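Visitor: I should like to learn how to read the features of a model such as this one. Might we begin with the surroundings of the ligand?

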Amino acid sequence: MSGKDLNIADIRQEYKLSALDESSAGIDPISFFRKWFSEAENAQITEVNAMTLATADAKGIPHARIVLLKGLENSEFIFFTNYSSSKGREIGENPFASLVFFWKELERQVRIEGKIEKVSATESDIYFNSRPKGSRIGAWASPQSQEITDRDILDVNYARYEQEFSDIEMPRPPHWGGYKIIPNYIEFWQGRASRMHDRITFTKNENGDWRRARLAP
Ligand SMILES: Cc1cc2nc3c(=O)[nH]c(=O)nc-3n(C[C@H](O)[C@H](O)[C@H](O)COP(=O)(O)O)c2cc1C
């Protein structure tokens, strides 16, 4: 492999921190997610709320990128973005998404899959108004995912909106807001020795109840 000079194939981590069993996972994956999330916070993991978001377009071609989890309300995972971005277009074409958290310091991964919908305008307004001013101006100034000729365009746009909203209240841009993933599958992965990892999954059935299972690693 061309990566041989980098010794990529020799990079190997043995996992031995912890174990995951059915009784500790319990019967409610949302409560268990909250437990693992606070353990990750307590472990001082930076950007503990960073997650990979995978979407797929109308042709079924997948696209993945990192976004930040900004809320977990009514069992729904919330993030904010530009609705006119590539991801926004893909979600419009195919309203299913997948999230992945990797908390390497704890040798843990969580995978979440489900339907994706916009949050209410009120909810987006509340979060938008809580952001630092620079980020709010940035949401106006950046035509996210569009090709731009150079960096200057961003600086010019930023200055323009900074001026425009210098003495009037800044509303949320209509193209910016939140999405929520309504999960129907959640998997907790705990690294174990010799690649014999623990994988506990929860799948939602038609009655809305979670069915727990264990998968081979
Ligand atoms: C740590 C990190 C956090 C990010 N958080 C967000 C976010 O919350 N919302 C967002 O729109 N983009 C976020 N991004 C940028 C996205 O990864 C991506 O570049 C951007 O959303 C455009 O993606 P798209 O063209 O697929 O729509 C983040 C990137 C990183 C590395």
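Visitor: How do the residues of the shell around the ligand divide into nonpolar, polar and charged?

Guide: One sorts the shell by residue class. In this predicted model, the shell comprises six nonpolar, seven polar and three charged residues.

Visitor: Which residues come nearest to the ligand?

Guide: Of the 16 residues around the ligand, the nearest are T81, S85, S86, K87 and S145.

Visitor: Which element gives the most to the shell?

Guide: Strand β2 gives the most, with five residues. At least two residues of the shell are supplied by each of β2 (62-68), β4 (76-82) and α3 (86-93).

Visitor: S145 was named among the nearest residues. Where does S145 lie, and is S145 buried or exposed?

Guide: S145 belongs to the loop between α5 and α6. Because 14 other C-beta atoms lie within 10 Å, S145 is partly exposed; a residue needs 20 or more to be buried. The backbone of S145 also deserves attention: its phi is positive, about 75 degrees, although S145 is not a glycine.

Visitor: Which other residue has a positive phi although it is not a glycine?

Guide: One such residue is E107, with a phi of about 55 degrees. E107 lies in the loop between β5 and β6 and counts as partly exposed, because it has 18 C-beta neighbours inside 10 Å.

Visitor: E105 also interests me. Where does E105 lie, and what does E105 touch?

Guide: E105 is likewise found in the loop between β5 (96-103) and β6 (108-118). Leaving aside residues up to four places away in sequence, E105 touches A43 and I45. E105 counts as partly exposed, since 13 C-beta neighbours lie inside 10 Å.

Visitor: How far apart are E105 and P171?

Guide: Separation may be stated in sequence and in space. E105 and P171 are 66 residues apart in sequence, and their C-alpha atoms are 39 Å apart in space.

Visitor: Let us turn to a helix. Which residues of α5 are buried?

Guide: In helix α5 (residues 133-141), the buried residues are R136, I137, A139 and W140. These residues lie on the same side of α5, because they cover an arc of only 150 degrees around the axis.

Visitor: Which exposed residues does the face turned away from that buried side carry?

Guide: That face of α5 carries the exposed residues G134 and S135.

Visitor: What covers the buried residues of α5?

Guide: The cover includes helices α4 (121-130) and α6 (152-164), together with strand β7 (176-190).

Terms used
Residues are numbered from 1 along each chain as its sequence is written. This is a predicted model: local features need pLDDT of at least 70, side-chain atom pairs count only at pLDDT 80 or more; totals for chains, interfaces and linings use all residues. A residue is near a molecule or strand if its C-beta atom, placed from the backbone, lies within 6 Å of it. Helices (H or I, at least four residues) and strands (E, at least two) are DSSP runs, numbered from the N terminus. Ala, Val, Leu, Ile, Met, Phe, Trp, Tyr, Cys and Pro count as nonpolar, Asp, Glu, Lys and Arg as charged, and the others, Gly among them, as polar. A residue is buried if 20 or more other C-beta atoms lie within 10 Å of its own, exposed if 12 or fewer, and partly exposed in between; C-beta atoms are placed from the backbone. Two residues are in contact if their C-beta atoms, placed from the backbone, lie within 7 Å. The arc is that of the directions from the helix axis to the C-beta atoms.
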